[in-house]
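Me: Please choose a single part of this structure and take me through it closely. I would like one connected account, with enough of the surroundings to place that part.

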Amino acid sequence: MRPHLATLNLPKDVGEMSEECIFCKIASGEVPSDMLYRDKQVFAIRDIRPQAPKHLLILPVEHIPSIADVTHSQAPLIVRMITVANELAAKEGIAERGYRLAINCRREGGQAVPHLHIHLLGGKQLSGRLG
Ligand code: 5GP
Ligand code: ZN
């Protein structure tokens, strides 16, 4: 795990940020949060309205609106988000039993906050329904 947010140099080393975005405000420290993980590219928090015993969000520091906006050059960032999710699943004690990573995309995909995030859900038997 990385040092506390306040010791990091933000936002000048992290690319674009959207002023009205709640997740950008959490990334920059403007809105306090229970930062579970933080590096230059990726951070993770607990979902404010958990839908499972374990419900974390893994996000890029950079404001990328949705998974539909990801380009080839961002492949390493997406892999990093997935590996952070896997590491947090292990840390939360749900890796062996299993968990779900979910990405909602835009309005009909159920995306409420337009800053890319992976939901990490687990700690119970999840429904097989996806739609
Ligand atoms: P989406 O529907 O966009 O895929 O998921 C957005 C998620 O962000 C929801 O599960 C919602 O509960 C969570 N969320 C919205 N605002 C906040 C916030 O201010 N803090 C945290 N930790 N989670 C939030
Ligand atoms: Zn944002």
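Reply: Happy to. Helices here are DSSP runs of H or I with at least four residues, strands are runs of E with at least two, and both are numbered from the N terminus. With that convention, the chain reads α-β-β-β-α-β-β along its sequence, giving two helices and five strands. Please keep in mind that this is a predicted model. Its average pLDDT is 91, and 89% of the residues score at least 70.

The part I have picked is strand S5, together with the strands beside it. The five strands form an open sheet in the order S1-S2-S3-S5-S4, with antiparallel pairing. At the edges are S1 (37-38) and S4 (99-102), each of which pairs on one side only. In general, the strands of a sheet pair through backbone hydrogen bonds, in either a parallel or an antiparallel way.

Now for S5 itself, which covers residues 118-122. On one side, four bridges link S5 to S4, and the two strands pair in the antiparallel sense. Two of the pairs are handy for finding your way in the viewer. Tyr 99 has Gly 122 as its bridge partner in S5, and Leu 101 is matched with Leu 120.

On the other side of S5 is S3, again antiparallel, with five bridges joining the two strands. Here Lys 54 stands opposite Gly 122 of S5, while Leu 56 stands opposite Leu 120. Gly 122 therefore comes up twice, and which two residues does it face? The answer is Tyr 99, its bridge partner, and Lys 54, which it stands opposite. Leu 120 likewise faces Leu 101 as well as Leu 56.

One step further along the sheet, S2 and S3 run antiparallel and are joined by five bridges. One pair to look for there is Val 42 with Pro 60 of S3.

How is S5 placed with respect to the rest of the chain, buried or exposed? It is mostly covered, as four of its five residues are buried. Its neighbour S3 has five buried residues out of seven, so S3 is largely enclosed by the rest of the structure. For the chain as a whole, buried residues make up 23% of the 131.

This leads to the nonpolar core. The largest one has 23 residues, and those that touch the most other members are Val 42, Ile 58, Leu 59, Ala 85 and Leu 120. At least two core residues come from each of helix H1 (22-28), S2 (42-46), S3 (54-60), helix H2 (75-91) and S5. Ala 85 is a good one to click on. Leaving aside residues up to four places away in sequence, Ala 85 touches Ile 58, Leu 101, Ile 118 and Leu 120. Such reach along the chain also shows in the totals: among contacts between residues at least 6 apart in sequence, 57% join residues at least 24 apart.

Next, the loop between S4 and S5, where Arg 106 lies. The phi of Arg 106 is near 60 degrees, a positive value in a residue other than glycine. Arg 106 has 13 other C-beta atoms within 10 Å, so it counts as partly exposed.

Ligand 1 deserves a look as well. The residues around ligand 1 include Ile 22, Ile 45, Arg 46, Asp 47, Asn 104, Gly 110, Gln 111 and Val 113. By class, this shell has five nonpolar, three polar and three charged residues.

Finally, a word on the start of the chain. Over residues 1-14 pLDDT stays under 50, and the model has 16 contacts for them beyond four places in sequence. Where pLDDT is low, the predicted coordinates should not be read in detail. Glu 16, placed in the segment before H1, is exposed, with 10 other C-beta atoms within 10 Å. Glu 16 touches Glu 62 and His 63, again not counting residues up to four places away in sequence. Glu 16 and His 63 are 47 residues apart in sequence, with their C-alpha atoms 5.9 Å apart in space.

How values were computed: Residues are numbered from 1 along each chain as its sequence is written. Chains are lettered from A and ligands numbered from 1 in the order in which they are written. This is a predicted model: local features need pLDDT of at least 70, side-chain atom pairs count only at pLDDT 80 or more; totals for chains, interfaces and linings use all residues. A residue is near a molecule or strand if its C-beta atom, placed from the backbone, lies within 6 Å of it. Ala, Val, Leu, Ile, Met, Phe, Trp, Tyr, Cys and Pro count as nonpolar, Asp, Glu, Lys and Arg as charged, and the others, Gly among them, as polar. Two strands pair if DSSP finds at least two bridges between them. A nonpolar core is a set of buried Ala, Val, Leu, Ile, Met, Phe, Trp, Tyr and Cys residues joined through C-beta atoms within 7 Å. A residue is buried if 20 or more other C-beta atoms lie within 10 Å of its own, exposed if 12 or fewer, and partly exposed in between; C-beta atoms are placed from the backbone. Two residues are in contact if their C-beta atoms, placed from the backbone, lie within 7 Å. pLDDT is the predictor's confidence in each residue, from 0 to 100.
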